[in-house]
Amino acid sequence: MIVGIVGAGTMGAGIAQVCLSAGHDVRLHDISASAIAGGRARIEDGLGRLVARGRLDAQGRDAALARLTPAPTLEAAAAGAQVVIEAALEELEAKRAIFRALDRAASADALLATNTSALSVTAIAEVVRRPGRVLGLHFFNPAAVMTLVEVVAGERTDPAAVAAGTAFAEALGRRPVACHDAPGFIVNRVNRPFMQEALRMLEAGEASIETIDAAIVAGGFPMGPFALMDLVGVDVDDAVARALFAAFHAAPRFRPSPVQARLVAAGTLGRKTGGGFYRYDTVGRVLGPTEVFAAGGAALPADEIRTRIELAIVNEAYHAAGEGVASPPDIDLAMQLGAAHPLGPFERARTLGLRRVVGELRRLERLQGERFRVAPALWQIASV
Ligand SMILES: NC(=O)c1ccc[n+]([C@@H]2O[C@H](COP(=O)([O-])OP(=O)(O)OC[C@H]3O[C@@H](n4cnc5c(N)ncnc54)[C@H](O)[C@@H]3O)[C@@H](O)[C@H]2O)c1
């Protein structure tokens, strides 16, 4: 199969590598010729790492690279492709311009997919003549390692296109989950409280960043929220928080954090700038918390830290499922694969018992306010 990829940056190159490894021919396009060369170098590097680990032989690497063709124009990337994946700028008008052109350049039965993290698939598809074939295929970073793909159906996406996108992702060795076109899709939305609730504790002086991170790691998560924000980029995470806050009409549970805004204003953006919530040395080792976060504060018990963060996530998962964004099993799988949670939120709720979950959320609502109000879908299930 020929796969066209538009955008040869971090995600485009990663997705291209996955497609090449699955045996597809890839046409890689970018507006910048040097980005295409950079994308190819990253793919070579990625395949080289697989060879070093014994997961691919040199012949397989050479064959994969031979299937990669640079496409100087968008039309060259789309010609003959059965699937085109756009992984360019996260801007609606930029994506619309690309889809307008793809609609003309691609064959009538080609799937047109966007890798957008936060834009509406429906809004992107509005500009094409055949919106039925436009869908989201949301890969996670690093695409060569992360197996989750959110298959996003816009308002006008044809069910056959969703089925074809799902089969395509499966053939790449990925784990597709079905999801409707709603802000943050599954993972970025349901995992929002992981950061947001930790930031609230910090803002209120209830616990230090180290105490919170340690409590979460002790709960089986690979990384605490502050270490994670530093890794992803404090600015990138703040932008996600702001986009969701706007999309959910300023719902209090999505309120962005002034602490995060201050770090962004100061250019203290995490590992990429040598410091965020923590300070790092030149090889990325943690030196300690950044000065302003060094003070301990009153330490909330680790159990309460975990309860607040985990139950806020469980509640958000019930909000999302209740609104028809995705099914509980797909949300559970997405949170385990896309955010490395030890248990999916519905499994977590079952383990705790729904009555206890509701009781704890009501206690937290009394203490913390409306952001812990029990989601309607959870209320309904727990009251039967
Ligand atoms: N980085 C992540 O963690 C991540 C994860 C999932 C989804 N995404 C989404 O994937 C998309 C790409 O993100 P990225 O991190 O790879 O960005 P990036 O900046 O690394 O790469 C984007 C590339 O697109 C190119 N580009 C810009 N406009 C173009 C156009 N009109 N035609 C062709 N190429 C164009 C740029 O030159 C650049 O090389 C975004 O929509 C982003 O939201 C990113």
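How many helices and strands make up the secondary structure of the protein? The answer is 18 helices and 10 strands. Keep in mind that this is a predicted model.

**Overall shape**

Start with the whole chain. The C-alpha trace spans about 60 × 50 × 40 Å along its principal axes. The radius of gyration is 22 Å. A compact globule with 384 residues would have a value near 21 Å, so the protein agrees with that expectation.

**A pocket**

Now look at the second largest pocket. Its space comes to about 450 Å³. Two elements each give two or more residues to its lining: α1 (10-21) and α2 (33-52). In total, 23 residues line this pocket. Those nearest its centre are Gln17, Gly46, Ala143, Ala144 and Val145. The lining of the second largest pocket mixes three classes: 10 residues are nonpolar, seven are polar and six are charged.

**A salt bridge in helix α2**

The protein has 26 salt bridges. One pair to find is Glu44 and Arg40, whose side chains meet in a salt bridge at 3.2 Å, N to O. How far apart are Glu44 and Arg40 along helix α2? They are four residues apart, which means about one helical turn separates them.

**Two backbone features in loops**

Most residues other than glycine have a negative phi, and most peptide bonds are trans. Two places in this chain depart from those habits. The peptide bond from Asn141 to Pro142 is cis. Phe185 is not a glycine, yet its phi is positive. The table gives the angles and the loops.

| Site | Backbone angle | Loop |
|---|---|---|
| Asn141 to Pro142 | omega near -5° | Pro142: between β6 (134-139) and β7 (148-153) |
| Phe185 | phi of about 50° | Phe185: between β8 (175-180) and α8 (187-190) |

**A nonpolar patch**

Finish on the surface. Which residues form a nonpolar patch there? They are Leu231, Val232 and Val236. Together, these three have about 240 Å² of accessible area. Leu231 belongs to helix α11, which covers residues 225-232.

Terms used: Residues numbered from 1 in each chain as written. Predicted model: local features only at pLDDT ≥ 70, side-chain atom pairs only at ≥ 80, totals over all residues. Heavy atoms only, no water. Patch = residues over 30% accessible without salt bridge, like charges linked within 9 Å, V, L, I, M, F, W, Y side chains within 5 Å. Areas by Shrake-Rupley, 256 points an atom, 1.4 Å probe, with all protein chains shown as cover. Salt bridge = Lys/Arg side-chain N within 4 Å of Asp/Glu carboxyl O. 1 Å grid on protein atoms, 1.4 Å probe; cavity = no way out; pocket = protein on both sides within 12 Å on 5 of 7 lines; lining within 4 Å. Points joined across faces, edges and corners; volume = space filled by probe spheres on them. Nonpolar A, V, L, I, M, F, W, Y, C, P; charged D, E, K, R; others polar. Rg over C-alpha atoms; globule rule 2.2 N^0.38 Å.
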